[in-house]
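Subject: Structure handover and notes

Hello,

Here is the structure you will be taking over. Please open it next to this message, so that you can look up each residue as it comes up.

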Amino acid sequence: MMVNKEYSEIDKRSIIKQYLSFVDNKEFPCIAAKAALARRNVKCMVAANMACPKDDTDIIRFLNEFVDEFRSSVDTYHSAAIIFAGPHINDEQISSPVAMAVTGDGSNRLFICEKEGRVWVVQNAKMLSQPFLDVSNQMVDVEGGYDERGLLGIALHPNFKTNRKFYVYYSAPSRTRGSDHKSVIAEYQVSAGNANTADKSTKRVLLEIEQPESNHNGGDIVFGPDGYLYICLGDGGGGGDKHGSIGNGQNFSTLLGKILRIDVNGNPFSVPKDNPFVSVKNARPEIWAYGLRNPWRISFDKVTKQLFAGDVGQNNYEEIDIIQKGGNYGWRIKEGLHDFKMPEGANKNNLIDPIHKYDHDQGISVTGGYIYRGRSIPQLTGKYVYGDYNGKMWLLSKAGNKWVNSDLVVNNKPGGNIQILSWGQDEAGELYMLINSSGNSRSEGSVYKIVKK
Ligand SMILES: [Ca+2]
C-alpha cells in the first residue's frame, strides 16, 4: 500500500481517524502499529490511500511508508506516553552520575556511580551521607565535566544477597608504553557489619585492559540472565578506529571494540565454554560480540532477555543494537548503515545492522537505555527508552520486525542544558535518568525517576 500524494491536500486527520477506526473495529492485533499511528495524528501532513490493510504485513508496510513520508514533512510530533520526571533524588553532591545498579535483595537501594570515583547509596529517594565506595585514589585524575575515563560501571553479583560481591569498572594509571591509562574490572565485597559500606580490603582485580587513548572506553558491566558478566569496551579511541593495521573493532586478538562475557567465579575469572570464539585461533576467548565503536550503556530486557546496546558513532550516525552471540556490529567497516573504512582482510559479510540509527542533526552521542518493564507507566511497557548526550529522549516501539522511533515527551524535564549520561532500572522495573546539568562552574549531577503524570 502506497502513500498517495493525490490526497495530500484533503483532510488528513480524518483519513487517519478512519484508519484507526478500521483498526479498532477489527481488533487488529498489531497494537504497536496502531499506537504509532495514533501518536502521529496530532499534526498530519501526509495523506494515505485508505484501502484497508488485510493483515499484519500490510499494516506494517503501510506504517513504515507512512512514517518515512511523515518524518520528511513535519518537524514535531507527540508521544502517546505523557510522563514526567521526579522526584529529584539529589542535586548538590553528585557530579556526573554514569551508572546505576540495584541489589535484588528487596532493600530497594540504588547504587549510583559518580564518574570521579565514588559510589553512593540512595534509599527511599535519599542519598546516604557517606559514600559506599571510593576508588578515586586508584584512578587517573578525571575531569568532572567532559572526560570519558572514570568510574564507569557497577554490577552486583547475581548472588549478592548471600555473597555480598560486586564489581566495578574504572580507569587507572598505566605505566605501559603507548597507554593513556588502563581499564580495570575489580571485585569487592560489602562490609560484613555495614550493608552500606564496601570493604576495600576485599579488592580482587579480574581484568586489566590497556587503553591507547583517553576516549572510547565503554565501561558498562552487567550480569546477564545466564549469570555471566558482560563488559563493554570501546575501540581504543582517538577517532576512526585508527590503532593497528585494521583497527581494533574487527581485530579478534584485542578486547577493544568488543563486548566480553566472563564468569567471575574463577581465578581471577574463567571463560564460559560456550563463548563464540573459544576455539578460534588467535581470538581472545572472552569476546562475545565485536565490531563496536564505543558501546555506551547496555541492558538486558527483563522479559525477552535480549541484550540492547547504544553504540556511539564517529561523526555522522548513532545506533542502537541488539547484541547476539558472536555478532559483528560492523565498526569500522560501517558507521550506522554507511560504509566507513574497510579494514584490509575484514569480513564484511554477515554484519548485523542496528535496530535504529539516527543522524547527527538529532544528537551527538547515544546513551543506551532500557526496555521498560515497570508497572506505573503501561504506555511504555515493552518499549526501549533511551537518549542522547544532547538531552534528547526517545523510545523505540517494536512493529513487526522493525523498531519505530518516537520522541519521549516528558512533562517537567529539567531545564537548561542537560546531558543524559546514563539510565537505570530499579527492582520494580521503573526507569531512572542520570544527567549532568552544565552552565554552572561545576557539572551538577542529578538522578531522576521517570514516573507517571
Ligand atoms: Ca554498528
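The notes below go from the whole chain to a few strands and residues.

Confidence comes first, because this is a predicted model. The mean pLDDT of the protein chain is 83, and 78% of its residues reach 70 or more. Two stretches need care. Over residues 1-34 the pLDDT stays under 50, although the model has 58 contacts beyond four places in sequence for them. Residues 40-60 also have a pLDDT below 50, and that stretch has 59 contacts in the model beyond near neighbours in sequence. Where pLDDT is low, the predicted coordinates should not be read in detail.

Now the overall make-up. The protein chain has 4 helices and 28 strands. Of its 453 residues, 46% are buried. Among contacts with a separation of 6 or more, 60% are between residues 24 or more positions apart.

In soluble globular proteins, nonpolar side chains tend to be buried together. Here the largest nonpolar core has 95 residues, and I112, Y230, I231, I259 and V385 have the most contacts inside it. Take I112 as an example: leaving aside neighbours within four places in sequence, I112 is in contact with I94, P97, M100, V119, W120, V122 and V447.

Next, two sheets. Strands of a sheet pair through backbone hydrogen bonds, either parallel or antiparallel.

The first is an open sheet of 4 strands in the order β7-β8-β9-β10, with antiparallel pairing. Which strands stand at its edges? They are β7 (151-156) and β10 (198-211); each has a single partner strand, so one side of each is left without a neighbour in the sheet. Neighbouring strands of this sheet are turned by 20 degrees against each other on average, direction ignored. β7 is joined to β8 (residues 165-172) by 5 bridges, and L151 stands opposite Y170 in β8.

The second is also an open sheet of 4 strands, in the order β15-β16-β17-β20, and its pairing is antiparallel. At its edges stand β15 (295-300) and β20 (356-359), each with a single partner strand, so one side of each has no neighbour in the sheet. From one strand to the next, the twist averages 15 degrees. Inside this sheet, β16 (residues 307-311) and β17 (residues 317-323) pair in the antiparallel sense over 5 bridges. A309 stands opposite D321 in β17.

Then there is β27 (residues 431-437). Is this strand enclosed or open to the outside? 6 of its 7 residues are buried, so β27 is largely enclosed by the rest of the structure. β27 pairs with β26 (residues 418-425) in the antiparallel sense over 7 bridges, and the bridge partner of I418 is S437. β26 and β27 form a hairpin with 5 residues between them, and G429 in the turn has a positive phi of about 90 degrees. β27 is also joined to β28 (residues 444-452) by 6 antiparallel bridges; there, N436 has G445 as its bridge partner.

G429 leads to the last residue, R373. R373 lies in the loop between β21 (366-371) and β22 (384-388). Leaving aside neighbours within four places in sequence, R373 is in contact with K302, V303 and G429. R373 counts as partly exposed because it has 18 C-beta neighbours inside 10 Å, whereas a buried residue needs 20 or more. The C-alpha atoms of R373 and Y384 are separated by 9.7 Å, with the two residues 11 apart along the chain.

Regards

Terms used
Residues numbered from 1 in each chain as written. Predicted model: local features only at pLDDT ≥ 70, side-chain atom pairs only at ≥ 80, totals over all residues. Core = buried A, V, L, I, M, F, W, Y, C linked by C-beta atoms within 7 Å. Buried ≥ 20, exposed ≤ 12 C-beta atoms within 10 Å, placed from the backbone. Contact = placed C-beta atoms within 7 Å. Helix = DSSP H or I, 4+ residues; strand = E, 2+ residues; numbered from the N terminus. Pairing = 2+ DSSP bridges. Axes fitted to C-alpha atoms, helices over the stretch in contact; angles between N-to-C directions. pLDDT = per-residue confidence, 0-100.
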